[in-house]
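Trainee: I would like to go through this model by question and answer. Can we keep it brisk?

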Amino acid sequence: MNEALPRLRRLAGTGRPWLLWVHLYNCHAPYLQDGAPSAFGGDPVDLYDTDIGLAGAQLERLLVELRRLGAEDRTVVVLASDHGEGFGEHGTYNHSTTLYQEEMVSLLAVRVPGATPAARTDVVGLLDLMPTLTNIAGAPLETPVSGRSLLPLITGETATDPERKVFAELMPD
């Protein structure tokens, strides 16, 4: 975030559309790599939960800076994780070892200015992010993609598709 905030200031001040991708490395084993103390205890899930809190604090720094720059009401913010984490529920730890829910369910939060905030439980996939952001930007997709824009769900124009299936696979390596 220390590198991202100066870039945010430069981009937000240009008056042109911009994209800033910030990848936080928290919430990956080994947890608390920066030496921060655990807020909850010494079990792996406690360390993970502490890392989640630390990532949240970094996200807050970004959101506060967007507000300070006056860019909050014209900036789409996406918070996404690429996987969940196992803590022995099925005899495995970390991720990329099973297709059980604890490893497969990930976080996806999208804030679009003007859209009414709502918690959703729709079945979506991270492959939906690209068509969603393309749709928000008003850019056409030049070729078909597997994902679909979530903008109609975000704005409440369409309802959940209860028949939607999202597939995953476990690679042999």
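Trainee: How many residues apart are Glu65 and Arg68 in helix 2?
Mentor: Helices are DSSP runs of H or I with at least four residues, strands are E runs of at least two, and both are numbered from the N terminus. Glu65 and Arg68 both lie in helix 2. Their spacing is about one turn of the helix, that is, 3 residues.

Trainee: What kind of model is this, and which pLDDT do side-chain atom pairs need?
Mentor: Residues are numbered from 1 along each chain as its sequence is written, and side-chain values use heavy atoms, with hydrogens and water left out. This is a predicted model: totals for chains, interfaces and linings use all residues, local features need pLDDT of at least 70, and side-chain atom pairs count only at pLDDT 80 or more.

Trainee: What N to O distance joins the side chains of Glu65 and Arg68?
Mentor: Side chains of opposite charge can pair when their charged atoms come close. A salt bridge here needs a side-chain nitrogen of Lys or Arg within 4 Å of a carboxyl oxygen of Asp or Glu. The structure holds 7 of them. For Glu65 and Arg68, N to O is 2.7 Å.

Trainee: Which parts does the salt bridge of Glu65 and Arg9 tie together?
Mentor: The side chains of Glu65 and Arg9 meet at 2.8 Å, N to O. The two residues are 56 apart in sequence, so the pair ties together separate parts. Arg9 sits in helix 1 and Glu65 in helix 2, so the parts are helix 1 and helix 2.

Trainee: Is Glu65 buried or exposed?
Mentor: Buried means under 20% relative accessible area, exposed over 50%, and partly exposed in between (1.4 Å probe, protein chains only). Arg68, at 56%, is exposed, and Arg9, at 36%, is partly exposed. Glu65 is at 8%, so this residue counts as buried.

Trainee: Which residues are joined into one network by salt bridges that share partners?
Mentor: Take another bridge before that: Glu72 pairs with Arg67, with the closest N and O atoms 3.4 Å apart. Glu72 is partly exposed at 23%, and Arg67 is partly exposed at 48%. The network formed through shared partners consists of Arg9, Glu65 and Arg68.

Trainee: Which helix supplies the largest share of the largest nonpolar core?
Mentor: A nonpolar core is a set of buried Ala, Val, Leu, Ile, Met, Phe, Trp, Tyr and Cys residues joined through side-chain atoms within 4.5 Å. The largest one has 9 residues, including Met1, Leu5, Leu62 and Val77. Helix 1 and helix 2 each give at least two residues to this core. The largest share, 4 residues, comes from helix 1.

Trainee: Which residues does Ala71 touch, leaving out those up to four places away in sequence?
Mentor: Contact means heavy atoms within 4.5 Å. Ala71 belongs to the largest nonpolar core. With those sequence neighbours left out, Ala71 touches Ala12 and Leu66.

Trainee: How is the aromatic pair of Tyr31 and Tyr48 arranged?
Mentor: Rings of Phe, Tyr and Trp (its six-membered ring) pair if their centres lie within 6.5 Å; planes under 30 degrees apart are stacked, over 60 edge-to-face, the rest tilted. The whole structure has 3 such pairs. Tyr31 and Tyr48 lie 5.5 Å apart, centre to centre, with 70° between the planes. That arrangement is edge-to-face.

Trainee: Which residue joins Tyr31 and Tyr48 in one aromatic cluster?
Mentor: Tyr31 is buried, and so is Tyr48. The cluster holds Tyr31, Tyr48 and one more residue, Phe87.

Trainee: Which residues of helix 4 are buried?
Mentor: Helix 4 covers residues 129–137. The cover over its buried residues includes strand 1 (77–80), strand 4 (108–111) and helix 5 (151–155). The buried residues themselves are Leu129, Pro131, Thr132 and Thr134.

Trainee: What phi does Gly138 take?
Mentor: Gly138 comes just after helix 4. Its phi is positive, about 75°.

Trainee: How far apart in space are Ala118 and Leu99?
Mentor: Ala118 lies in the loop between strand 4 and helix 4. Its relative accessible area is 58%, so Ala118 is exposed. Ala118 and Leu99 are 19 residues apart in sequence. C-alpha to C-alpha, the distance is 28 Å.
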